[in-house]
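Colleague: I'd like to learn how to read this one at my desk. Could you walk me through it?

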Amino acid sequence: MNVRDYNRAAWNHQVATGNRWTLPVGPEVIAAARRGEWSVLLTPTKPVPREWFPPLVGLDVLCLASGGGQQVPILAATGANVTSFDNSPAQLARDREVCDRDGLTITTLEGDMRDLSVFPDASFELIFHPCSNGFVPDILPVWREAARVLRPGGTLLAGFTNPVLCLFDDAKMERGEFVVRHRIPYSDLTSLTDEERRWYTDRNEPLCFGHTLADQIGGQLEAGFLLAGFYEDGGEKWKLSEYIPCFAATRAIRV
Ligand SMILES: C[S@@+](CC[C@H](N)C(=O)[O-])C[C@H]1O[C@@H](n2cnc3c(N)ncnc32)[C@H](O)[C@@H]1O
């Protein structure tokens, strides 16, 4: 199966069916951002600390796999020059919809987060990459490409899922029973039975992958970043988050 093609269609479907991460912000959010009152999410619930951002006016920002009419128009409203790069045309259309409505200028490009070859080296000063690398099977190319297209001293803000969320039998976890079932790295392609996978594919649900912390954190360091910030976020709907935060965010500086 071609994961990129499958997940493009799956995310287009999420837009059509109103997945929370595809719902655009209203004009009042953009008006407030223009006044300097704004926040954005890398993880499900906890706003990114404002001190994690460099001054945004005139800054060249790449929003990576961040379509959906949320972070992209908010960052554009703060005065940044924002490029939205996402695999789903429908998610990119959400970004354009908000920007057209509220008179903001952005660039949108469809592509795979693992291949940023459309951008020359050192094109950006900030990359904003919310929890979305769980939709690709391999993330080391994402960090390498992010390092290449950032200028030295540039900032990479990334959210990701703690792989502990993939350890357990999903159906049982929904009932509050924690039965360890899967090895990490986890893959919807190889960790599930065909019948279990069909439950997701019959519903056009995106295919997911659970990456090791070595790939999530070590991968950033190997690509040429130094970590300068970290926080965890419980998420909201996960039973496991009553015991451990299931999401994390990093602030990394390109050396
Ligand atoms: C959970 S949504 C994140 C966007 C959302 N605005 C947010 O607040 O987190 C995940 C995004 O990743 C994108 N995506 C999935 N696979 C991708 C890939 N291979 N390359 C680029 N984007 C991808 C999806 O199209 C979707 O817009």
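Modeller: Sure, and let's begin with residue classes: Ala, Val, Leu, Ile, Met, Phe, Trp, Tyr, Cys and Pro count as nonpolar, Asp, Glu, Lys and Arg as charged, and the others, Gly among them, as polar. Keep in mind that this is a predicted model.

Colleague: How many residues of each class are in the shell around the ligand?

Modeller: That shell has 10 polar, 9 nonpolar and 3 charged residues.

Colleague: And which residues come nearest to the ligand?

Modeller: A residue is counted as near when its C-beta atom, placed from the backbone, lies within 6 Å. Of the 22 residues around the ligand, the nearest are Ala 65, Gly 68, Asn 87, Ser 88 and Ser 132. Helix α1, residues 3-17, gives the largest share of the shell, with 3 residues.

Colleague: On to the sheet. What is the order of its strands?

Modeller: Two strands pair if there are at least two bridges between them. Here 7 strands form an open sheet with mixed pairing, in the order β3-β2-β1-β4-β5-β9-β8. At the edges sit β3 (107-110) and β8 (225-233), each pairing on one side only. From one strand to the next, the twist averages 15°.

Colleague: In what sense do β8 and β9 pair?

Modeller: Antiparallel, over 8 bridges, with β9 spanning residues 247-254. Look for Tyr 231, which stands opposite Ala 249 in β9.

Colleague: Which strands does helix α5 lie across?

Modeller: Helix α5 (residues 140-149) lies across β1, β4, β5, β8 and β9, at about 150° to β5. Helix α8 (residues 213-223) lies across β5, β8 and β9, and runs at about 160° to β8.

Conventions. Residues numbered from 1 in each chain as written. Predicted model: local features only at pLDDT ≥ 70, side-chain atom pairs only at ≥ 80, totals over all residues. Helix = DSSP H or I, 4+ residues; strand = E, 2+ residues; numbered from the N terminus. Axes fitted to C-alpha atoms, helices over the stretch in contact; angles between N-to-C directions. Contact = placed C-beta atoms within 7 Å.
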